[in-house]
Amino acid sequence: MRMNPKSRKNEIVHMRMPLAHRIQHWVLILSFVLLILSGMPVRYYDAPFSGFLLKLMGGMQMRGMVHRAGAVILIGLCIFHLGGIIFLARAREEIKEFFPRLKDLTDAIHHVFYNLGRRPYPPRYGKYNFIEKFEYLAVAWGSVVMILTGFVLWHENFFLSFMPKWLWDAARVAHSYEAVLAFLAIIIWHFYNVHLNPDVFPMSRIWLDGKITEEELKKHHVLQYEKITGCDVPDGNLPEHSAEGGDEPF
Amino acid sequence: MFALCTALIIASENSDASPCQNCHETNLSNSVHKDVDCGDCHADAAEYFAQKRSSDGHPVPLKPVACMTCHSQQITKHGKAGEAGPSCRDCHGTHRILTPSNPRASVSKFHLPETCGKCHENGKYSESVHGKALTKKGLVVSAACSDCHGAHHVRVPKKTDIPVLCGKCHEGILIVYEESIHGKAHHEGVEESPVCTDCHGEHTIAAVASKESSVNPLRVSETCAHCHENHTLIKKFNLPTQRLSTYKESFHGIASKFGKGNAATCASCHGEHDVLPSKDPKSRTHKKNLPKTCGKCHPGAGKFFAQGTVHLQPSPEHDPLVYYIRFFYKLMISGMIGTFALLIFIDLYGRRTRGKRKDVYEDEPEEPEE
């Protein structure tokens, strides 16, 4: 069943992504786009788009400036984010939702089995399902790798004054490949989950207004729904089943 | 009265000396041959007048002038044409012949390109650093045609002669070149070893700073690659491989490719005329010299710059960390993308078939239950 965004006004909505989170996400997008556009021409120096992008940015010198501007934005964002986790009790609570648990592994297997028709009901997800947890942790890991290695590349003369060149080279290779990994993860995995899959196509609006309808919450994050509303939702009452399969619980 | 007398005297002297002036106004006073009589060169005319003693015209045409009568030393061989090449007058002119050192002479350095250009297309030379030095800067020391090709024995210089030939003017460079690996190999008779022209070109030689130059920082890597990416040569002389490809993927190579003129190129580290293999302690790329070489651009470069490889494809033997990180990421990327693709496919499959599947459960509900 697809949610029609226009009918949202008449539905009960819950705040899934408060403004502080949305701003962080927007800033992350900005830095990501800047970094990808100014970084990929170096990674794929032989590709025709590289010359085009470099011309657009005004040459190698400007490319470096754009890249470092993106880096500074990302570093600032990470500091802000970490600051929140350290100083805000609310954020500390929230971050616990992202910790990987054994349930995420079983959920993932369950999800596959459900899609293959070997399980009748989808996994019962909490506020963040295994896909979202993975994406958050991947961004966190990626940022750490990219910022550390990027810093080494940025201040090459300083680092090479005490760091053997092979270690510096390792930083460069890691930076280069991690970038490709991150880019592909976003383009394929994140875009499928928030843009292209039939549930949300053409786009989930959560990143814009932060709101999720109660129906969506019930369908995708049933444990969170139960926690908020205090109602128990048995598997058979999940929206997809009630919509498609009638009222009969399995 | 005095003027009249003088005029008469001159007129009578002239008519005595040679009958040529009666008809010809040819003036040899500016020529190197100003003391030579017309008849010395045009012997057939002189003979005619001597016999006939007539002031009527001589039969035309006259025989070609035989310069060899006097200039018997100058045997001319002109490239493939040999002795059948152009005659003296084609280059030196006729009545206005001047010494080559005279800037107005057709065979002076300033006019040689034009003179040779009557037959040889020379557009490229005029644009070269030598051509411009001559025509724009007026530098008589610059090389013109004859400096490399010779004057009366015109030929294509042999490759083996080129270092010495260029060294006539670029003497300091010749000394450095002879100490380099290329110079030594050339000296030992390795005919593939590059000489001046292999890197700089011939008629197209341009100033290094010019983008036309094959040794311009932005182009030199391609020039070196002519040999250092040539598999036949690499095999024959056991040269290190992938010099250009590994350079191209370095920051230096990428910056250079996209027009950053101060990015390091082959010559920045390996030197130009003094190229030596890195094993040689005198080489700029010898481990112990690397801090100094890298330090040209990287202030404070120390021993750490030398701890690692420079444009070598990482392998488990050298640069193991780089090699394994690369390996790890290749594995990660393919594994992760594969997993994503599979999950997306399964997800779409699930969405498509879920309706039909419900019937299956209703038929045999116990089977898929956990």
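## Salt bridges between the chains

Let's start where chain A meets chain B: the count of salt bridges between the two is 2. Keep in mind that this is a predicted model. One such link involves K257(B), which pairs with D46(A), and the closest N and O atoms sit 3.4 Å apart.

Polar contacts add to the picture. Across the interface of chain A and chain B there are 12 residue pairs in polar contact, with both partners at pLDDT 80 or more.

## Who builds the chain A side

Quite a few helices of chain A take part. Those giving two or more residues to the side that touches chain B are helix 1 (19-43), helix 2 (48-57), helix 3 (59-87), helix 5 (102-115), helix 6 (130-154), helix 7 (156-159), helix 8 (165-196) and helix 12 (239-244). Which of them gives the most? That would be helix 8 of chain A, with 18 residues.

What kinds of residues are these? On the side of chain A that touches chain B, the split is 31 nonpolar, 11 polar and 11 charged.

## How much gets covered

Counting residues, the contact draws 53 from chain A and 48 from chain B. In terms of area, about 4900 Å² is buried between chain A and chain B, and carbon and sulfur atoms give 68% of that. On the chain A side, the residues that lose the most area to chain B are Y45(A), N115(A) and Y177(A), which together make up 14% of what that side buries.

## Chain A on its own

Now for a look at chain A as a whole. Its secondary structure comes to 12 helices and 2 strands. Reading from the N terminus, the order is β-α-α-α-α-α-α-α-α-α-β-α-α-α. The C-alpha trace of chain A spans about 70 × 40 × 35 Å along its principal axes.

Chain A has 250 residues, and 44% of them are buried. About 13500 Å² of chain A is exposed, with carbon and sulfur atoms supplying 70% of that area. How do the contacts spread along the sequence? Among contacts in chain A between residues at least 6 apart in sequence, 65% join residues at least 24 apart.

## Salt bridges that tie a chain to itself

Over all chains, the whole structure holds 17 salt bridges. In chain A, the side chains of E97(A) and K227(A) form one, at 3.8 Å from N to O. E97(A) sits in the loop between helix 4 (89-96) and helix 5 of chain A, while K227(A) belongs to helix 11 (residues 222-229), so this pair ties together parts that are 130 residues apart in sequence. Are the two partners buried or exposed? E97(A) is partly exposed, with a relative accessible area of 25%, and K227(A) is exposed, at 64%.

Chain B has its own examples. D147(B) and K109(B) meet through their side chains at 3.1 Å, N to O. This pair links distant parts of the chain, 38 residues apart: D147(B) is in helix 8 (residues 145-149) of chain B, and K109(B) is in the loop between helix 4 (88-92) and helix 5. Then there's K236(B) with E192(B), where the closest N and O atoms are 2.6 Å apart. K236(B) is in helix 14 (residues 231-237) of chain B and E192(B) is in the loop between helix 11 (181-187) and helix 12 (196-200), so parts 44 residues apart in sequence are tied together. K236(B) is exposed, with a relative accessible area of 54%, and E192(B) is partly exposed, at 27%. Salt bridges can also share partners: D199(A), K219(A), D347(B) and R351(B) are joined into one network that way.

## Two residues of chain B up close

T115(B) lies in helix 5 (residues 112-117) of chain B. Is T115(B) buried or exposed? With a relative accessible area of 11%, T115(B) counts as buried, because the cut-off for that is under 20%. Leaving out residues up to four places away in sequence, T115(B) touches D90(B), C91(B) and S106(B). With S106(B) there is a specific link: the side chain of T115(B) reaches the backbone oxygen of S106(B) at 2.5 Å.

C23(B) is found in the loop between helix 1 (2-17) and helix 2 (38-41) of chain B. C23(B) is exposed, with a relative accessible area of 59%. From C23(B) to G57(B) is 34 residues in sequence and 8.2 Å in space, C-alpha to C-alpha.

How values were computed. Residues are numbered from 1 along each chain as its sequence is written. Chains are lettered from A and ligands numbered from 1 in the order in which they are written. Side-chain values use heavy atoms; hydrogens and water are left out. Contact means heavy atoms within 4.5 Å. Buried area is the accessible area (1.4 Å probe) that two parts lose on being put together, summed over both. A salt bridge is a side-chain nitrogen of Lys or Arg within 4 Å of a carboxyl oxygen of Asp or Glu. A polar contact is a pair of N or O atoms within 3.5 Å; within protein, one must be able to donate a hydrogen and the other to accept it, and residues adjacent in sequence count only if both atoms are side-chain atoms. Helices (H or I, at least four residues) and strands (E, at least two) are DSSP runs, numbered from the N terminus. Ala, Val, Leu, Ile, Met, Phe, Trp, Tyr, Cys and Pro count as nonpolar, Asp, Glu, Lys and Arg as charged, and the others, Gly among them, as polar. Buried means under 20% relative accessible area, exposed over 50%, partly exposed in between (1.4 Å probe, protein chains only). Accessible areas come from the Shrake-Rupley method with a 1.4 Å probe; for residues, only the protein chains shown count as cover.
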